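User: Hi! Could you walk me through this model, one question at a time?

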Amino acid sequence: MTTPAPDQTADALNPVRAGLLRAAHSDAEVLLARAEREADALVEQARTKARTILDEARRQGEADGADTARGLLVKARRDARSRILAVRRESYEELRRAAAERVRELRGTSGYASLRERLERRARVLLGPRVEVSEHPEGGVVGRAPGRRVDLSLAELADRALDRMGAEVRSLWEP
């Protein structure tokens with residue numbers, strides 16, 4: 001048996017080599033196509049998941065924003081109500097001070113002696129004939145009997161008059 005020459009061997013292997021090369025190219029193209037399809041599918045899955053995450057984040061952000069807005073609205077309403085009540089309270093206190101000041105001016109009028117007598121009689125009616133009646137420093141009288149006391153000072157009488165007016169006084173600062 002003779003051994004073929006190296007050139008003849010190489011020539012004889014060319015069709016085999018060409019066949020293997022074609023098969024390798026074909027396999028590579030199949031693998032590359034499959035890899036591209038898998039990559040496209042993964043990218044699409046990632047995009048879908050990203051959209052889902054963004055949608056959920058948006059919904060959560062809107063819900064959180066709505067909760068925060070509701071909280072801010074409640075706080076704003078509470079603050080506004082507190083301010084309104086504070087202003088009303090200040091107005092009422094100013095009215096009380098003005099009323100007390102005006103009734104204290106009665107001390108300088110000619111009718112004060114008569115008013116004081118009527119207040120002393122009222123103290124006796126409320127506490128009995130053995131009541132001790134004294135002048136209040138700001139006008140009016142204070143009556144004392146054992147275990148009891150009645151304040152008929154001018155400022156206290158003005159406060160009681162305002163209290164009895166109730167809703168009428170509130171109408172001064174309500175719309």
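User: Happy to have it open now. Which residue stands opposite Ala145 in S3?

Analyst: Before the answer, some ground rules: this is a predicted model, where local features need pLDDT of at least 70, side-chain atom pairs count only at pLDDT 80 or more, and totals for chains, interfaces and linings use all residues. Residues are numbered from 1 along each chain as its sequence is written, and side-chain values use heavy atoms, with hydrogens and water left out. Strands are DSSP runs of E with at least two residues, helices are runs of H or I with at least four, and both are numbered from the N terminus. In S3, the residue opposite Ala145 is Arg148.

User: How many bridges join S2 to S3?

Analyst: Two strands pair if DSSP finds at least two bridges between them. Strand S2 covers residues 140-145 and strand S3 covers residues 148-153, and they run antiparallel. Val142 also stands opposite Asp151 in S3. The number of bridges joining S2 to S3 is 6.

User: Which residue in the hairpin of S2 and S3 takes a positive phi?

Analyst: This hairpin has 2 residues between the strands. The positive phi, near 80°, belongs to Gly147.

User: And in the hairpin of S1 and S2, which turn residue has a positive phi?

Analyst: Strand S1 (residues 132-135) runs antiparallel to S2, with 4 bridges joining them. Glu135 stands opposite Val141 in S2. The hairpin has 4 residues between its strands, and the turn residue with a positive phi, about 105°, is Gly139.

User: Why is S2 described as largely enclosed by the rest of the structure?

Analyst: Buried means under 20% relative accessible area, exposed over 50%, and partly exposed in between, using a 1.4 Å probe and protein chains only. S2 is largely enclosed because its buried residues number 5 of the 6.

User: Which element gives the largest share of the largest nonpolar core?

Analyst: A nonpolar core is a set of buried Ala, Val, Leu, Ile, Met, Phe, Trp, Tyr and Cys residues joined through side-chain atoms within 4.5 Å. The largest one has 11 residues, among them Tyr112, Leu119, Val141 and Leu152. Helix H2 (112-127), S2 and S3 each supply at least two of its residues. The largest share, 5 residues, comes from H2.

User: Which residues does Leu152 touch, not counting those up to four places away in sequence?

Analyst: Contact means heavy atoms within 4.5 Å. By that test, Leu152 touches Leu119, Arg122, Ala123, Gly140, Val141, Leu157 and Arg160.

User: Which side chain does Asp159 join in a polar contact?

Analyst: Asp159 is found in helix H3, residues 154-165, and is buried, with a relative accessible area of 15%. A polar contact is a pair of N or O atoms within 3.5 Å; within protein, one must be able to donate a hydrogen and the other to accept it, and residues adjacent in sequence count only if both atoms are side-chain atoms. At 2.7 Å, the partner side chain is that of Arg96.

User: What is the radius of gyration of the protein chain?

Analyst: The chain follows the pattern α-α-β-β-β-α-α. The globule rule, 2.2 Å times the number of residues to the power 0.38, gives 16 Å for 175 residues, and the chain is well over this, so it is more spread out than a compact globule. Taken over C-alpha atoms, the radius of gyration is 51 Å.
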